[in-house]
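Reader: I should like to go through the terms applied to this structure and see how each one is justified. Please set each value against its definition.

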Amino acid sequence: MSEEKKIPYKIYLEENEMPTSWYNVRADMKNKPAPLLNPGTLQPLTFEEMRGIFCDELCKQELDDTTAYFEIPDEIKKFYKMYRPSPLVRAYCLEEKLQTPAKIYYKFEGNNTSGSHKLNSAIAQAYYAKAQGLKGVTTETGAGQWGTALSMACAYLGLDCQVYMVKCSYEQKPFRREVMRTYGANVTPSPSNTTQVGRKILEEFPGTTGSLGCAISEAVEAATSQEGYRYVLGSVLNQVLLHQSVIGLEAKAAMDKYGIKPDMIIGCAGGGSNLGGLISPFMGEKLRGEADYEFIAVEPASCPSFTRGKFAYDFCDTGKVCPLAKMYTLGSGFIPAPNHAGGLRYHGMSSTLSQLYHDGYMKAVSVEQTSVFKAAEEFARVEGILPAPESSHAIKVAMDEALKCKETGEEKTILFGLTGTGYFDMVAYERFNNGEMQDYIPSDEDLAKGFAGIPKFPGNEV
Ligand SMILES: *Cc1c(COP(=O)(O)O)cnc(C)c1O
């Protein structure tokens, strides 16, 4: 126990202990994630095809599944120093509250103005666009975390930033929108009449409040129709997992400093970027046979891509303009029930994580949103941080696992990713506090409708 006392509430790294390279977990995977396909030819997307959409260096990162380490450019390291290292917190107060023998740690990524881990990849993507001499980038945002992070990164580098924000969020989350505009981004409610695809959707569905899939289609069109612009995406892609590996590398370095080895690593999974980033260096050890860890992905029961989805090639967007990715998917037409408030609403999952899950290297569980908000409140009251609903999925399962340890008396070490803060999600908290929040679990019939939209071609039977 006295040994124990030496571990501080927060473990920080010195500047000279911070990671200097990102780690690419694909390099250590025997079964590589399946490549993106050109939806027209069904052939793997080539560098030449990709470079019209993403900037060159990011295409290289996307396609490279053999290089283990990518050096972090100095300019990005400098930016990281403004808000990194992020703290690794020993949740002493939560442990006490739960009366568990488990040791709980969380890596907190909400300590920057954008409020989430997304800034780790936003600065990298903006940097490579700038280095290529581009004028700007386009993207979509749903809840607004990604758009905010990208706006901050672009402001820092003097790059134009055009954000297509799902119309209902644009109207319901004016504060997010204004943060983006404060950082100089041009924010357009989607669908809009500034793109062909937007005009077409507006004609077909007048009064629609938009969707993420539709905003992606508009952002891609905006990038490909303007000279000097590229499209950027905040999750799902291999390149995004690569940048997010900074989370896991820092966490591992901090734990190594005190000789701590986690038994279990837990993260919420939307498109898979924070979870992929957090587990990457640990997964690398597992893949190389050097150590063993239990990895758990947590997703909402109302959007259960891992636990109930199909492992198949599918469209990444509703407008079907993007390449096909092989992933666990609910179908690109799947939209979670309107009462779903917990985020993590993307229909698919990172190809890298999908392959690892398929090969049995990680587990997944789904949780219902009222239990997620209940865990969020319990956590906030003892640990002080008001967590994002997304992050609270990981809190919920970490607490469940700690309570299991209480039953068995096991002193497991649990590490989870606390991806962000929830200040812009108070309408969801309000619904929970008023007892108005409900759970909705889609029926097999509901899911079948989404699966029907998965493209059918030889080798892609679902
Ligand atoms: C976007 C987001 C997520 C989910 O995205 P992943 O790519 O799955 O990590 C989780 N937490 C927060 C706070 C987010 O903003």
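Reader: Why is Leu344 called buried?

Author: Buried means under 20% relative accessible area, exposed over 50%, and partly exposed in between (1.4 Å probe, protein chains only). Leu344 has a relative accessibility of 11%, and therefore counts as buried. Leu344 lies in the loop between β13 (324-329) and α15, where helices (H or I, at least four residues) and strands (E, at least two) are DSSP runs numbered from the N terminus. Its phi is near 55°, a positive value in a residue other than glycine.

Reader: On what basis are such values given?

Author: This is a predicted model, in which local features need pLDDT of at least 70, side-chain atom pairs count only at pLDDT 80 or more, and totals for chains, interfaces and linings use all residues. Residues are numbered from 1 along each chain as its sequence is written, and side-chain values use heavy atoms, with hydrogens and water left out.

Reader: Which class does Val236 fall into, buried or exposed?

Author: Val236 has a relative accessibility of 11%, so Val236 counts as buried. Its place is in the loop between β9 (229-231) and α12 (238-257), and its phi, near 65°, is positive although the residue is not glycine.

Reader: What makes the contact between Glu401 and Lys404 a salt bridge?

Author: A salt bridge is a side-chain nitrogen of Lys or Arg within 4 Å of a carboxyl oxygen of Asp or Glu. The side chains of Glu401 and Lys404 meet at 2.9 Å, N to O, and therefore satisfy that definition. The two residues are three apart in helix α17 (residues 389-408), which means that about one helical turn separates them. Glu401, at 11% relative accessibility, counts as buried, whereas Lys404, at 47%, counts as partly exposed.

Reader: How do you know that Asp56 and Arg51 form a salt bridge, and what is the accessibility of each?

Author: Their side chains meet at 2.9 Å, N to O. Asp56 has a relative accessible area of 18% and is therefore buried; Arg51 has 30% and is partly exposed. In another pair, Glu95 and Arg90, the salt bridge is 2.7 Å, N to O, and both residues are buried. The structure holds 26 salt bridges, and Arg84, Lys107, Glu109 and Glu250 are linked in a network of them.

Reader: Which residues come nearest to the ligand, and what makes a residue near?

Author: A residue is near a molecule or strand if one of its heavy atoms lies within 4 Å of it. Of the 17 residues around the ligand, Lys118, Ser235, Gly270, Ser273 and Thr419 come nearest.

Reader: Why is the pair of Lys118 and the ligand called a polar contact?

Author: A polar contact is a pair of N or O atoms within 3.5 Å; within protein, one must be able to donate a hydrogen and the other to accept it, and residues adjacent in sequence count only if both atoms are side-chain atoms. A polar side-chain atom of Lys118 lies 2.6 Å from an oxygen atom of the ligand, so the pair qualifies. A polar backbone atom of Gly270 is 2.7 Å from an oxygen atom of the ligand, and an N or O atom in the side chain of Thr419 is 2.7 Å from a ligand nitrogen atom. The ligand taken alone exposes 380 Å², of which the protein buries 94%; accessible areas come from the Shrake-Rupley method with a 1.4 Å probe, and for residues only the protein chains shown count as cover.

Reader: What contact does the side chain of Thr195 make?

Author: A polar atom of that side chain lies 2.9 Å from the backbone nitrogen of Gly198. Thr195 is in the loop between β8 (186-190) and α10 (196-204) and, at 2% relative accessibility, counts as buried. In the loop between β8 and α10 one also finds Pro191; the peptide bond from Ser190 to Pro191 is cis, with omega near 5°.

Reader: Why are β6 and β7 said to pair?

Author: Two strands pair if DSSP finds at least two bridges between them. Strand β6 (residues 136-141) and β7 have six bridges, in the parallel sense, and therefore meet that requirement. Gly136 has Asp160 in β7 as its bridge partner. Six of the seven residues of β7 (residues 160-166) are buried.
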